[in-house]
Amino acid sequence: MRLIYVAGKGGVGKSVCSASTALWTSKQGLNTLAFSMDRAHSLSDILEVEIGGHPRRIADDLYAYEPDIDREAKRFFSRYKHMLTALFGLFEMEVRPEDFGSFPGVAEMIFMEKLYDVYAEDQYAVVVIDSAPTAMVLPLLQLPNVTTGFVTRLLGIKSKWMGILNMLEPGFGDAILKEARRLRAKSETMRDALLDPSISTISAVTIPEKAAVMETRRLIETVEGHGVFVNSIIINHVMEGDCDCSYCVRRRNSQSRYMDELQEAYGDKRIAHLSDFGAEIKGEDAIEKVAWELYGKGQLAF
Ligand SMILES: Nc1ncnc2c1ncn2[C@@H]1O[C@H](COP(=O)(O)OP(=O)(O)OP(=O)(O)O)[C@@H](O)[C@H]1O
Ligand SMILES: [Mg+2]
């Protein structure tokens, strides 16, 4: 299985590039899943189909999946109700199942678990991961540390609290530890998969503007600091045409400065340009055009 992780700051075109990549690989005859890590369900909007909380077939060799975080969080909460109530009780917090999904880290944990299930089932040749605006690649990489910290804390309070938890219900404290270890093992598997260049490709989407380029450089630095190589950069919203009005000339000049800067800094990566389509990108035809620009013209390879 090949994982293609599409990262970048908010609104730069991650979902459009993810959907196009997934369409492209499916057209190559590779059984593909577009997996959304965004609660906003943008893949449904772009593909113009209601995907829902299970992998749904969109076309030949193309599936899409947008896990429903609120539903999954409630499900997770009711599965481990006693455990979570007791745990939050230890920290003198009261939690309602419907609020659990908005707890820090819970959405990432659920996305990670769903992605793990997809990975472990190994039914697809390619899984394209469309990340959430703020997510970048990091939550997936940091999750093992978070769960490790969690387990360590649990072990730390073990002597003090495990006895009490086990008294509430036999084996209760041990069950909590077992669950935390199970989640940690899953997140370690996914982190290792992302770290493995024979499994994962990381693509950063950006736009040729100062703030976006600076953020992209930071993203690449942070991600590569974790040992994950960013393979390609997609520079989106590139102005085409030869209109010589002063606005267009100024914008094109400004854009080419940032494109040159990226080219200079990242000669080791594939850098693709995606032109501004002048209108929202929605539906299969539009996505296919994007796929053609990115892959058909040989800017990116799969
Ligand atoms: N090359 C382009 N030309 C014209 N419109 C574009 C282009 N790329 C993206 N768009 C439009 O920009 C908007 C944002 O794109 P998209 O949803 O893919 O961004 P995103 O990075 O996934 O956003 P978010 O961070 O909110 O998930 C959409 O309306 C999309 O149709
Ligand atoms: Mg998006």
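1. In this predicted model, strand β6 (residues 200–206) runs parallel to β7, and the two are joined by 4 bridges. One point of register can be given by name: Ser-203 has Ser-232 of β7 as its bridge partner. The connection is made through helix α10 (residues 210–225), which together with β6 and β7 forms a right-handed β-α-β unit.

2. On the pairing of β7 with strand β8 (residues 270–275), the sense is again parallel, here over 5 bridges. Within this pairing, Ile-233 lies opposite Ile-271 of β8. Helix α11 (residues 246–265) completes a right-handed β-α-β unit with β7 and β8. Strand β7 therefore deserves attention as a member of both units described here.

3. As to the environment of β7, the strand is mostly covered, with 5 of its 7 residues buried.

4. The surroundings of ligand 1 comprise 18 residues, of which Lys-14, Ser-15, Val-16, Pro-133 and Phe-277 come nearest. Two elements, α1 (14–27) and β7 (232–238), each supply two or more residues to this shell. The greatest contribution is that of α1, which provides 3 residues. Strand β7 thus appears both in the ligand shell and in parallel pairings with β6 and β8.

5. Which classes of residue make up the shell around ligand 1? The shell divides into 8 polar, 6 nonpolar and 4 charged residues.

Notes:
Residues are numbered from 1 along each chain as its sequence is written. Chains are lettered from A and ligands numbered from 1 in the order in which they are written. This is a predicted model: local features need pLDDT of at least 70, side-chain atom pairs count only at pLDDT 80 or more; totals for chains, interfaces and linings use all residues. A residue is near a molecule or strand if its C-beta atom, placed from the backbone, lies within 6 Å of it. Ala, Val, Leu, Ile, Met, Phe, Trp, Tyr, Cys and Pro count as nonpolar, Asp, Glu, Lys and Arg as charged, and the others, Gly among them, as polar. A residue is buried if 20 or more other C-beta atoms lie within 10 Å of its own, exposed if 12 or fewer, and partly exposed in between; C-beta atoms are placed from the backbone. Two strands pair if DSSP finds at least two bridges between them.
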